Structures are given as structure tokens and as C-alpha cells.
Amino acid sequence: MVKLSFLLLLGFFIAYGEGQALKVSASARGINIGCAYKNGGGPGTYNNTLSREFNGVVGENNMKWDGLQAVRGNFTFAGADAMVDFAQKNDMIVRGHTFVWHQQSGFVANMPAQATVQATRDTMFKVMKTHITTVMNRYKGKIYEWDIVNEAVARDSAGMRLGTGTSSSFWSLRTDAPNHNWDFVDSAYAYARQADPEAFLVYNDYDCEGMGKKSDLVYALVSRLKAKNLIDGIGLQCHFYVPGTSTGSNGAFVPSEMVANLKRLADLGLRISLTEIDFRVPTPPTSAHLAAQREAYETLLEICLANPNCKNFFLWGLNDGSSWIPNQYPGQGAPLLFDDSFNPKPAYIGLREVFQTPVAIRASRNGGRMLLSGKPWNEAFDLRGRALRALPAYSPFP
Ligand code: G3I
């Protein structure tokens, strides 16, 4: 028995080299490190790797509307319960994801319009309240924070997802949102507050990590919710491509902009979670891709550690084989910390190194590596403690 334990330990050190599990060093730095949980992903290597390295989970699909109530009135908790049990047994926090979204919403996405706009609105609000109240009551005291509304903001001129078009939302359509100041958003948070006044409520979205139009719109939305005491935190998804390996508006990672955005969100009094991190690369990845991916992960973690309000660093999946990326972005993938066989990748080693090394020491050791570049800033400091020039002006959405 003793011999077996020794061999297992030896195997671990051969595979991972020196250093602590990520969750140990993350805790020492005052943040949580988690990842998206795939029901049926374990037991075995999946569960062992997950519980060894991470102290948080979030359901990749099991707490979405269609995972909990695909058919009206028929709640199915088995998947979410299994994840929450797993988390409790392994001393992990759980992020709750998500209630009001335009995807994976079961029956509620297909509810027909009724005789009047008012009747349709009333029904939508009724089912929303029932769903939020039922689920939050069941998991009361067990969820670290809840994504109440997910991805309600679009880049279109209205700022919010409309009822039709490429970025449509049935919530917007059926609640007649443009004529009611998108009150389905505020209502979702109000129902959540009523269901569990102790719960920590978050707005979660993507492509709003840096500065720019969508980020300004999200900033305006969470400002409004915060002013009404309906929100406590923000989730920045962080689905990025590794800089230099792709192009396009979706998923650009611009460190200097993120520093500025985190600062203004923290100034609002919001706790910040990085909720769905992945850095995709062309597949199969070259060693240069993996090195660049490591650098990107390191930079993102440094940004989080440098902002006291950034408390959660959650990956969108445990290993490359379980990532959503290849389905959505053919020819790209390998975005996570472990490969298909659960071996740690350079990005894993990089994160571990960042966690275990004080920022000042990293700065001097890395010498000329520029984390921040490009835009004019001030009232901010870069990760080396150097003063930056002016933050860009932003005009909150009216
Ligand atoms: O459950 C069905 C199963 O019954 C069926 O046999 C199978 C056949 O394809 O499909 C299963 O549903 C899939 C579901 O994941 C569960 O595996 C859906 O087709 C598939 O579209 C769905 O994808 C999820 C996607 O959200 C939906 O938009 C991904 O796993 C999930 O990673 C992804 O997560 C989202 C976040 O929630 C919000 N932010 C963006 C992120 C990436 O899109």
C-alpha cells in the first residue's frame, strides 16, 4: 500500500514537475480557480483531475433552462444535483449558470404569442419567476454566485438583443422589450433577490472584456442594475483566440483594454469573475501555438491578480477533448489547460508559475515583455506599476 502511494506520487511529479495544484496556489493568492463541469465527464481521470486542480465548478449545460425545466412544470434536477454533490464532497464552490438566456431554454423559447401583448408578457414573467424561484430555493446556500441574465447585450444600434434578426432573443420579443425598457432583465434580478436575498447575483456576457462599443453597453447595463441594488457582480466570459493566430471581432484579447475595463467595473463596486475562459488556436496546434497560448493565459491571470475585485478564474472546460470550440469554430480548438489525455499543457505550467511568483519578481525576471500596449491611458498602472496615460472616454448607453 505504502509502495503504491509512493509510486502514484512519483508518477504525479514526473508528469507535473514541481509545484502545487492550481487550487492551492490560487487560494493563497485569494482567488478561486474553477472550470465548466460536464455531466458524465467522470468518474476516473476526469473527476480526479478536476478535484485535484480546481476549487470551483460551473455546469456547462446542466443548470441551463433546458437542463432543469425543458418541459413546463417538469423540473429535472438530477444533472445539477450530481454536480453540486460532487462539488460539496470535494470542497468546491459552484457558479450557477444560467437563467435568462436566448439559447438552451426548452419550452420557454417556443411559447406562442397570446391574444394580447400584455397577456404574452404576463405569461413570460410568470414562467420566469417560477423557474428562478424554484431553482434558487432548491440550491439555497449552495451556490457561490448566479448568472441571472446571460448575453442580453448585442452590438446593434439598440444595444440590447432585439426580438428578430441575427442576434435575436425570444425574451426581448415576447416581453415586448423595446417598449418596456428591457424590463425583463431587471425583473429577472428582482425575482432572484426575492427568492434568495442572500444570493450573489451576476450579469454574464462575452466580447465585453476589453473596451469598445459592446463593453460600454454592458457597462451601462450593469451600472443601471447596480444603482437599483439588483446586481452584485459581473461575469466576463473570456472566449478568446490566442493573439496572432486568428482574426475577427469575436474573441480578441487586448490586455491593456482589459485592465481599463476591470478598473471601471471594480469602481462600480462589482466583484469580477472571469467565467468561461478559453484561448483557441488552430488545430492541430504547433509548439509555437502552445507557447503563445501559455503567454496569453499568463497575461490574463496577471491581469486578474492585479485587480483586487477579480476573484474568480474559471475555464470553460477541463480538457481540450471536452471543449465546445471545435464544433463552433471548425479548424480551431485545443483551448484549455489539459490535452485530450488530461496531460497538463504549457498553459498549465504557465498559470502555476504566475500563481507562485509575486508580480514584482515576474516583472523583473521577464524583463522586456510588454503586457500592455497600444492605447492612450491614465489613472491606471500597468502590471509593472508604471503609470499609464488617459483612459479612453466612454459614454454610457442612455
Ligand atoms: O442535449 C443534447 C443531446 O440530447 C443530443 O443528443 C446532442 C446531439 O448533438 O445535443 C445535446 O445538446 C447539446 C448541448 O450542448 C449539450 O451537450 C447541443 O446540441 C449543443 O448546442 C450544446 O452546446 C452548448 C452551447 O453552450 C449551446 O449554445 C455547449 O456545450 C456549451 O459549452 C455552450 O456554452 C456557452 C455558455 O453557456 C454561454 N456562453 C457561451 C458558451 C459557448 O457557446
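This report looks at the ligand and the cysteines of a predicted model.

**Around the ligand**

The ligand has 14 residues around it. Glu 60, Lys 64, His 97, Gln 103 and Glu 276 come nearest. By type, the shell divides into three nonpolar, seven polar and four charged residues.

Some side chains make polar contacts with the ligand. The table gives the distance for each pair.

| Residue (polar side-chain atom) | Ligand atom | Distance |
|---|---|---|
| His 97 | oxygen | 2.8 Å |
| Glu 151 | nitrogen | 2.8 Å |
| Trp 316 | oxygen | 2.9 Å |

How much of the ligand does the protein cover? On its own, the ligand has 790 Å² of accessible area, and the protein covers 48% of that. His 97 appears twice in this picture: it is one of the residues that come nearest, and its side chain has a polar atom 2.8 Å from a ligand oxygen.

**The cysteines**

A disulfide is a covalent bond between the sulfur atoms of two cysteines. A search of the whole structure finds one. It joins Cys 304 to Cys 310, with 2.2 Å from S to S. The torsion about this S-S bond is about -100 degrees, so the disulfide is left-handed. Both Cys 304 and Cys 310 are buried.

Why does Cys 238 not bond with Cys 310? The sulfur of Cys 310 is the closest cysteine sulfur to that of Cys 238, but the two are 8.1 Å apart, which is too far for a bond. Cys 238 counts as buried because its relative accessibility is 0%. Cys 35 also counts as buried, because its relative accessibility is 0%.

Methods:
Residues are numbered from 1 along each chain as its sequence is written. This is a predicted model: local features need pLDDT of at least 70, side-chain atom pairs count only at pLDDT 80 or more; totals for chains, interfaces and linings use all residues. Side-chain values use heavy atoms; hydrogens and water are left out. A residue is near a molecule or strand if one of its heavy atoms lies within 4 Å of it. A polar contact is a pair of N or O atoms within 3.5 Å; within protein, one must be able to donate a hydrogen and the other to accept it, and residues adjacent in sequence count only if both atoms are side-chain atoms. Accessible areas come from the Shrake-Rupley method with a 1.4 Å probe; for residues, only the protein chains shown count as cover. Ala, Val, Leu, Ile, Met, Phe, Trp, Tyr, Cys and Pro count as nonpolar, Asp, Glu, Lys and Arg as charged, and the others, Gly among them, as polar. A disulfide is a pair of cysteine sulfur atoms within 2.5 Å. Buried means under 20% relative accessible area, exposed over 50%, partly exposed in between (1.4 Å probe, protein chains only).
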